[in-house]
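This report describes the fold of a single protein chain for readers at the bench. Please examine the sequence and the structure before reading on.

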Amino acid sequence: MSHSCSWLSGFPASTGAAAASSFANGGGNSSSSSDDNSANAEAIRKSKRWLEELTADKIPRREFEVSYARSSGPGGQNVNKVSSKATIKLEPAKWADAYWIPTLVRTQLSAQPSADNSGAFTHSHAHSRNGSSSSSSGFSYLTKSGAIVVQSDRTRNREDNLRDCFEKLVAEIRRCVYFEADIKQENVVKWDKIAKKATEKRLEQKKFKSSKKQSRSRHNLD
């Protein structure tokens, strides 16, 4: 599965730091390191679950500025009479400190550049109306100032367009956040068996070569 956004591994740097500290102290901090790793693993599990369960309804709309304008989308002459085009905006400070986003998810999102790499918001980098995302890197709805701006004029109904804005935001968050898949226990067992067989085969080959070498030595002595 490819991910067009740049992303972090999802594992905090403290994991490596804890391991290094444990090694430097001869393993004296192994208990502390184990606790840190367990806490990190739990944080990752919660972040992944949050990401899987995220929907437009779970985003706190009160944090966003909502505005409407006349639409250029479908609807004939009606679009020139009704302000049905919806725009949502989240100020830079609220995006940087979005309390409703788990820390590990927010860490990855904060590392995202704007879609055009210069910070300017352009519609060419936004999601298409069929919901598919572009192949550009960066967060599609991030402006040069660091705000999040999403627009929709997909329908003639302003409420439907407002919901579409939040659905676009959900899709973009999912596109730009990545965590390694959990390793299944059955795969661990399978890999252990493969490794064991490989080790046994290597030892057999080593034993055979040693035996062959000894046989040659005896033959030369005779």
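Which residue in strand 3 is the bridge partner of Ala86? The bridge partner of Ala86 in strand 3 is Ser152. This pair belongs to a predicted model, and the confidence of the prediction is therefore taken up below alongside the architecture.

**Overall architecture**

The protein chain holds six helices and three strands. Read from the N terminus, its elements follow the order α-α-β-β-α-α-β-α-α. Of the 222 residues in the protein chain, 32% are buried. The accessible surface amounts to about 14,100 Å², and carbon and sulfur atoms contribute 51% of that area. Among contacts with a separation of 6 or more, 69% link residues that are 24 or more positions apart.

**The sheet**

The three strands form an open sheet in the order 1-2-3, with antiparallel pairing. Strand 1 (65-69) and strand 3 lie at the edges with a single partner strand each, so one side of each has no neighbour in the sheet. From one strand to the next, the twist averages 20°. Strands of a sheet pair through backbone hydrogen bonds, in either a parallel or an antiparallel sense. Here, strand 1 and strand 2 pair in the antiparallel sense over five bridges, and five bridges also join strand 2 to strand 3. Individual bridge pairs are listed in the table.

| Residue | Bridge partner | Strand of the partner |
|---|---|---|
| Glu65 | Lys89 | strand 2 |
| Lys89 | Val149 | strand 3 |
| Ala86 | Ser152 | strand 3 |

Lys89 thus appears twice, as the partner of Glu65 and opposite Val149. Although strand 3 is an edge strand, four of its five residues are buried, so strand 3 is largely enclosed by the rest of the structure.

**The nonpolar core**

The largest nonpolar core comprises 31 residues, and those with the most contacts inside it are Leu109, Phe139, Ile148 and Ile173. Two or more residues each come from helix 2 (30-53), strand 2 (85-90), helix 4 (103-110), strand 3 (148-152) and helix 5 (158-176). Helix 5 makes the greatest contribution, with seven residues.

Ile148 illustrates how the parts meet. Leaving aside neighbours within four places in sequence, Ile148 is in contact with Ile88, Lys89 and Leu90, and also with Trp95, Phe139, Tyr141, Leu142 and Leu169. One of these partners, Phe139, is itself among the core residues with the most contacts.

**Confidence of the model**

The mean pLDDT of the protein chain is 76, and 67% of the residues reach 70 or more. Two stretches fall lower. Over residues 6-26 the pLDDT stays under 50, and the model has 33 contacts beyond four places in sequence for this stretch. Residues 117-136 also have a pLDDT below 50, with 41 contacts in the model beyond near neighbours in sequence. Where pLDDT is low, predicted coordinates should not be read in detail.

Terms used. Residues are numbered from 1 along each chain as its sequence is written. This is a predicted model: local features need pLDDT of at least 70, side-chain atom pairs count only at pLDDT 80 or more; totals for chains, interfaces and linings use all residues. Side-chain values use heavy atoms; hydrogens and water are left out. A nonpolar core is a set of buried Ala, Val, Leu, Ile, Met, Phe, Trp, Tyr and Cys residues joined through side-chain atoms within 4.5 Å. Buried means under 20% relative accessible area, exposed over 50%, partly exposed in between (1.4 Å probe, protein chains only). Contact means heavy atoms within 4.5 Å. pLDDT is the predictor's confidence in each residue, from 0 to 100. Two strands pair if DSSP finds at least two bridges between them. Axes are lines fitted to C-alpha atoms, for helices over the stretch in contact, and angles run from 0 to 180 degrees between N-to-C directions. Accessible areas come from the Shrake-Rupley method with a 1.4 Å probe; for residues, only the protein chains shown count as cover.
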